[in-house]
Amino acid sequence: MISSVSNAQARRLFLDRHGLCAPPKGSGKGEDLAAVIDNLGFVQVDSINTVARAHHMILAARRPAYKEKNLKLLLERDRQLFEHWTHDAAVIPTAFFKHWRLRFGRNRETLAERWRKWQRVGFEEKFDDILKRISDHGPVTSATVGEDEKRSNGGWWEWHPSKAALEYLWRTGDISVSGRNGFQKVYDLTERVIPQEHLNAAFDQQETIDWAARSALDRLGFATSGEIAAFWDLITPQEARDWCQNALADGTIIEVETECANGVWRKVFTWPHMPEMLHALPEPPPRVRILSHFDPALRDRKRTERLFGFHYRIAIFVPEPKRKYGYYVFPVLERDRLIGRIDMKSIRDEDRLHVRAFWPEKGIRMSKGRLERLEAELGRMARFSGVANVTFEKDWLRTD
């Protein structure tokens, strides 16, 4: 029985569970793409399009052949995925839909009260009208409801009442996202979006708690109860703690120590077959990969720092004079190490991907081979974002 896992082993296992330890190959469409998303559990959706939107970058990092239309087909034609919330908006395998009934019910209990406290008035009176309109006339967007209501260019806290009603009805499962126009959500009745086999699947709360804990641990490889709860953000920390205590008592899981990047050892839960998991790990490919800010492997920033010694934060809300790096820097992975971060942007009307700066991590030497691998990845990123060329600032390589 294994009792400790080295930092190198922990990094590789974690990357393997997130699809980043094997060579990046595969069609990136159809069943292959569905399997990638199923293995990850979900893919976070984000609107910022500095190079490409986060969900597309996440998939392209694992399947270089991936095309943006392939995700749309799984979502809108095949209905193998649905869009809802984990810790944020995400696309999720439709096979998991029944477990989201736990979230729907809990949102129904808490969301309306919370929004009333935020003085978001009038949205509850819109429920019946919106549901009838969708039922009678088909899908809607936030732009096509509440036409007579005051609009604002502000953030979510300034939604007009019908927009807030749409969001509430989506969060509680009455309506679903049937597709998107550009990046604007299109809503329809859930019964028209989710295939019957998943829509009518029996729901049991305890079964969902057990599924959420098991499937999170599968995808993390090793975790504390808090990390298990946070993975889907579907069950409470107390439910995750209770599950871990019971599973530990009956031998379903074991407790081991994992080594952090700074040499500190940390107790976590894992499966009894951890030795077989470690033995089966592939050698990470030498290829450099530029990751999205919202890549599942980086979602938990504290875990990233513990495993890789990589402190990473998004600076889009930080005033420019206070930024240590750029506005929207991307993490860079090589083998099983995060070797730096890069500030780049696709300038589409000039047909180029422009690199402002690359900052190697401490101790990372930019050898000729490593630089060539980074430049090859930049070429791939340019093509993926729809531009032909890569250009560089004069002092882009920050090796001082």
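## Exercises on strand pairing and helix packing

Two bridges join strand 2 to strand 4 (residues 89-93), and these two strands run antiparallel. The structure is a predicted model, and the exercises below start from this pairing.

**Exercise 1.** Determine which residue of strand 4 is the bridge partner of V43, and describe the sheet in which strand 2 and strand 4 take part.

*Solution.* The first step is the residue pair: in strand 4, V91 is the bridge partner of V43. The second step is the helices that cover the sheet. Helix 2 (residues 30-40) packs on the sheet and touches strand 2, strand 3 and strand 4, while its direction makes about 115° with that of strand 4. Helix 4 (residues 68-77) also packs on the sheet, where it touches strand 3 and strand 4, and its direction makes about 90° with that of strand 3. The third step is the strand order: the sheet is open, has three strands in the order 2-4-3, and its pairing is antiparallel. Strand 2 (43-44) and strand 3 (81-85) stand at the edges with a single partner strand each, so one side of each is left without a neighbour in the sheet.

**Exercise 2.** Describe how strand 5 and strand 6 are paired, and decide from their residues whether strand 5 is enclosed or open.

*Solution.* Begin with the pairing: strand 5 and strand 6 (residues 184-189) run antiparallel and are joined by six bridges. Two of the residue pairs can then be located, since V177 stands opposite Y187 in strand 6, and D188 in strand 6 is the bridge partner of S176. Next comes the turn of the hairpin, which has two residues between the strands and in which G182 takes a positive phi near 65°. Finally, consider burial, for which the cut-off is under 20% relative accessible area. In strand 5 (residues 175-181), six of the seven residues are buried, so the strand is largely enclosed by the rest of the structure. Strand 6 is likewise largely enclosed by the rest of the structure, because five of its six residues are buried.

**Exercise 3.** Work out which strands stand at the edges of the sheet with the order 1-7-8, and how strand 7 pairs with strand 8.

*Solution.* This sheet is open, consists of three strands in the order 1-7-8, and has mixed pairing. Its edge strands are strand 1 (4-5) and strand 8 (265-270), each of which pairs on one side only. Strand 7 (residues 254-259) pairs with strand 8 in the antiparallel sense over six bridges, and I254 stands opposite T270 in strand 8.

**Exercise 4.** Classify the packing of helix 5 against helix 7 by angle, and then place R171 within that contact.

*Solution.* The axes of helix 5 (residues 100-117) and helix 7 (residues 161-171) come within 9 Å and cross at roughly 155°. Angles over 145 degrees count as roughly antiparallel, and helix 5 is therefore roughly antiparallel to helix 7. Helix 5 contributes F104, N107, R108, L111, A112 and W115 to the contact, whereas helix 7 contributes A164, E167, Y168, W170 and R171. By class, the residues of this contact divide into seven nonpolar, one polar and three charged.

For R171, which is found in helix 7, the relative accessibility is 15%, and the residue therefore counts as buried. When its neighbours within four places in sequence are left aside, R171 is in contact with H84, W85, F104, N107 and L111. The C-alpha atoms of R171 and E31, which are 140 residues apart along the chain, are separated by 28 Å.

**Exercise 5.** Give the orientation of helix 11 relative to helix 12, the handedness of their crossing, and the residues that meet.

*Solution.* Helix 11 (residues 225-232) and helix 12 (residues 237-249) have axes 8 Å apart and pack at an angle of about 125°. That angle makes helix 11 oblique to helix 12, and the crossing of helix 11 past helix 12 is right-handed. From helix 11, S225, I228 and A229 meet P237, A240, R241, W243 and C244 of helix 12. The contact has six nonpolar, one polar and one charged residues.

**Exercise 6.** Locate S385, and establish whether this residue is buried or exposed.

*Solution.* S385 lies in the loop between helix 15 (368-384) and strand 13 (389-392). With a relative accessible area of 9%, S385 is buried. Apart from neighbours within four places in sequence, S385 is in contact with V51, S346 and R348.

Key
Residues numbered from 1 in each chain as written. Predicted model: local features only at pLDDT ≥ 70, side-chain atom pairs only at ≥ 80, totals over all residues. Heavy atoms only, no water. Axes fitted to C-alpha atoms, helices over the stretch in contact; angles between N-to-C directions. Helix = DSSP H or I, 4+ residues; strand = E, 2+ residues; numbered from the N terminus. Parallel < 35°, antiparallel > 145°, perpendicular 65-115°, else oblique. Left-handed = near helix turned anticlockwise from the far one by under 90°. Contact = heavy atoms within 4.5 Å. Nonpolar A, V, L, I, M, F, W, Y, C, P; charged D, E, K, R; others polar. Buried < 20%, exposed > 50% of the residue type's maximum accessible area, 1.4 Å probe, protein only. Pairing = 2+ DSSP bridges.
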